[in-house]
Amino acid sequence: WNHRATVAEARKREDGKYVVTLKVQAEKVSTDGKGKETQEPVDVLVDIGVFARPPGAGEGGEKVLYLAKHRITQAETTLELVVDELPYEAGIDPYNKLIDRASGDNRKKVSLLQ
């Protein structure tokens, strides 16, 4: 798999909650025994997560604001999620459960929009 979060933005609502817009990319590639790669159709049930983190805290201090499985069937998908607190990061397969070529890009720091 090649999963990556490309955009993570949030806007505060009048009720104090946050709408997180998360854009993700998903690609599935299979390899034969000789190294030939073949593009496969994308159809995966994968975790999507949004996390809060206190100032100065590391990943161990994060709080899960949203974590649910979503069926991803396109190379590029945009999701809108509502969370109760200021989000710090959001991503696809945030705990790296699936084998991914570059798992370091599965999460993205959330930009707060005005």
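This passage describes the fold, the surface and the salt bridges of a predicted protein model.

The protein chain contains 9 strands and 0 helices. Read from the N terminus, its elements follow the order β-β-β-β-β-β-β-β-β. The C-alpha trace spans about 55 × 25 × 20 Å along its principal axes. Contacts that reach across the sequence were also examined. Among contacts between residues at least 6 apart in sequence, 60% join residues that are at least 24 apart.

Of the 114 residues in the protein chain, 37% count as buried. The accessible surface amounts to about 6900 Å², and 47% of this area belongs to carbon and sulfur atoms. The protein chain carries 18 positive and 19 negative charges, and the mean positions of these two sets are 0 Å apart.

Two sites illustrate the interior and the surface. Thr 77 is located in strand 6, which comprises residues 76–83. This residue has a relative accessibility of 16% and therefore counts as buried, since the term applies under 20%. When residues up to four places away in sequence are not counted, Thr 77 touches Leu 22, Lys 23, Val 24 and Ile 72. On the surface, Val 64, Leu 67 and Tyr 95 make a nonpolar patch of about 250 Å². Tyr 95 is placed in the loop between strand 7 (89–92) and strand 8 (107–109). With a relative accessibility of 39%, Tyr 95 counts as partly exposed.

Charged side chains were considered next. Side chains of opposite charge can pair when their charged atoms come close. In the model, the count of salt bridges comes to 11. One of these salt bridges joins Arg 71 to Asp 43, with the closest N and O atoms 2.8 Å apart. Arg 71 belongs to strand 5 (residues 63–72), whereas Asp 43 lies in the loop between strand 3 (37–40) and strand 4 (44–52); the pair therefore ties together parts that are 28 residues apart in sequence. Arg 71 is exposed, its relative accessible area being 52%, while Asp 43 is partly exposed at 47%.

Strand 5 also contributes Lys 69, which forms a salt bridge with Asp 47; here the closest N and O atoms are 3.0 Å apart. Because Lys 69 lies in strand 5 and Asp 47 in strand 4, this pair ties together parts that are 22 residues apart in sequence. The two partners fall into separate classes of accessibility: Lys 69 is partly exposed at 48%, and Asp 47 is buried at 7%.

A further salt bridge is formed by the side chains of Glu 89 and Arg 53, with an N to O distance of 3.4 Å. Glu 89 is part of strand 7 and Arg 53 is part of the loop between strand 4 and strand 5, so the pair ties together parts that are 36 residues apart in sequence. Both Glu 89 and Arg 53 are buried. These two residues also take part in a wider arrangement, as Arg 53, Glu 62, Glu 89 and Arg 107 are linked in a network of salt bridges.

Technical notes: Residues are numbered from 1 along each chain as its sequence is written. This is a predicted model: local features need pLDDT of at least 70, side-chain atom pairs count only at pLDDT 80 or more; totals for chains, interfaces and linings use all residues. Side-chain values use heavy atoms; hydrogens and water are left out. Patches are made of residues with over 30% relative accessible area and no salt bridge: like charges are joined within 9 Å, nonpolar side chains (Val, Leu, Ile, Met, Phe, Trp, Tyr) within 5 Å. Accessible areas come from the Shrake-Rupley method with a 1.4 Å probe; for residues, only the protein chains shown count as cover. A salt bridge is a side-chain nitrogen of Lys or Arg within 4 Å of a carboxyl oxygen of Asp or Glu. Helices (H or I, at least four residues) and strands (E, at least two) are DSSP runs, numbered from the N terminus. Buried means under 20% relative accessible area, exposed over 50%, partly exposed in between (1.4 Å probe, protein chains only). Contact means heavy atoms within 4.5 Å. Lys and Arg count as positive and Asp and Glu as negative; His and the chain ends are not counted. The place of a charge is taken as NZ of Lys, CZ of Arg, CG of Asp or CD of Glu.
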